[in-house]
Amino acid sequence: MSGIGSQVQTGLDKINWLFVSTVLIPTSLAILYYGFTASDIYISESRFIIRSPQKAAQSGILGSLKQEAGFARSVEDTYSVHDFILSRDAMYALNHQLDIRQSYSQSTIDFLNRFPQFGMHDSFEDFHEYYQKYVTVDADSKTSISVLRVKAFNAQQAKKMNEKLLNMSEGLINKLNDRARSDLLSYASNEVLKAQDKARTASLAVSAYRGQQSVFDPEKQSAIQLQQIARLQDELIAVNAQIAQVQTITPDNPQIPVLKKRAHSLQDDIAKESAKVTSTSSASLSTKASGFEKLNLEKAFAEKQLASAMTALENARTEAQRQQLYLERLAQPSLPDVALEPKRFKSIFTMFLMSLVIFGILTLFVSAVREHKD
């Protein structure tokens, strides 16, 4: 018996325990887990792109082509959709509709993939962290095409989750469109109301000024007054000519005083009529014209503002009838017919290679320590 024991001891001494602990045991565990324990993971994939109407004109052939197409890529809104898909709100909605928390917590799922995973608690926040491992969305910076991947332990479950996430993303886009339309129409309508108030106020101010100053249109009234002055001046010229003629022929003619009196009367009338137009008093048309022109200019400006606001409102209504953003599906959610993960042979081989690397490093380290002691 002692001989057998010594042989066993000798055999144990010859075993390279470092190789066993760093290579054989990890590789064996990997074979046991990936070969017999790890649950199949199905991946549903879909592709989409967020587009928006061309907002700014661009020069050149490229700009013309984009304008003819009628839409452009919307990078900012793409990232908004990505954030929503990975958000707690999206996860909560999925859980409400499909009870995904229960689906990922089934006892048939292996212990490393089942929720809650090692180090996690059965809480909402930990499930959100777990959710982000099984739902991913990436975008190509060149094409702006987004790829949504959903991992589940059932092919139908993966497809349903992917479809629901796309539907919710489209709902988010529609909500953003509705908000944009509402804000656009509300702002344009408010501007129209403000312009209408200004135009109404300006019109009332002109009417009030006409009533207070007893004037309708100083410019037109001045033209009438000037015509009257011109007529009086023509008549004065004719009377003066007649006086000169009578004085030449019959200096003692009794009509001369009458004609002179008529000439003085015409001069007084001309002075009065001219004062109505050009004097510095508040009753003159020139003085009234300055205030009237100011109010009339404000009225004209208010009417132009109103016309511009009405045009902007019509444009806003036209723009609101178009959908501002589009979530265009390029590939519908797929129904996987085979589990893509875990990659069993690749994972086992990777574990074996990593174990060999670790074994080699530790062997060199042990050899260096022994040489140092010697």
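This is a short talk on the fold, one helix and the nonpolar cores of a protein model.

Hi everyone, thanks for coming. Please keep in mind throughout that what we have here is a predicted model.

Let me begin with the whole chain. The protein has 374 residues, and 31% of them are buried. Its secondary structure consists of 12 helices and five strands. If you take the contacts with a separation of 6 or more, 74% of them join residues 24 or more positions apart. As for the surface, about 23,900 Å² is exposed, with 58% of that supplied by carbon and sulfur atoms.

Now to one helix, α5, which covers residues 88-98. Which residues of α5 are buried? They are Ala90, Met91, Ala93, Leu94 and Leu98. These five sit on the same side of α5, because the arc they cover around the axis is only 160°. Turn to the other side of α5 and you meet Asp89, Tyr92 and His96, which are exposed. Just after the helix comes Asp99, with a positive phi near 55°.

On to the cores. As general background, nonpolar side chains in soluble globular proteins tend to be buried together. In our model, the largest nonpolar core holds 35 residues. Which of them touch the most other members? Those are Phe48, Ile100, Tyr104, Leu148 and Leu165. Several elements give two or more residues to this core: the helices α4 (75-85), α5, α7 (124-134) and α8 (155-213), along with the strands β1 (42-52), β3 (135-139) and β4 (146-152). The largest share comes from α8, with seven residues.

Let's zoom in on Leu148. Leaving out residues up to four places away in sequence, Leu148 touches Ser44, Glu45, Ser46 and Phe48, and also Ile85. Its list goes on with Val135, Thr136 and Val137, then Asn162, Leu165 and Leu166.

Apart from the largest core there is another one, of six residues, including Ala188, Val192, Ala309 and Leu313.

Val192 brings me to my last stop, Thr311, which is found in helix α11, residues 285-320. Thr311 and Val192 lie 119 residues apart in sequence, yet their C-alpha atoms are 9.3 Å apart in space. Is Thr311 buried, partly exposed or exposed? Its relative accessibility is 45%, so Thr311 counts as partly exposed; the cut-offs here are under 20% for buried and over 50% for exposed.

That's my tour, and I'm happy to go back to any part of it on the screen.

Technical notes. Residues are numbered from 1 along each chain as its sequence is written. This is a predicted model: local features need pLDDT of at least 70, side-chain atom pairs count only at pLDDT 80 or more; totals for chains, interfaces and linings use all residues. Side-chain values use heavy atoms; hydrogens and water are left out. Helices (H or I, at least four residues) and strands (E, at least two) are DSSP runs, numbered from the N terminus. Buried means under 20% relative accessible area, exposed over 50%, partly exposed in between (1.4 Å probe, protein chains only). Contact means heavy atoms within 4.5 Å. Accessible areas come from the Shrake-Rupley method with a 1.4 Å probe; for residues, only the protein chains shown count as cover. The arc is that of the directions from the helix axis to the C-beta atoms. A nonpolar core is a set of buried Ala, Val, Leu, Ile, Met, Phe, Trp, Tyr and Cys residues joined through side-chain atoms within 4.5 Å.
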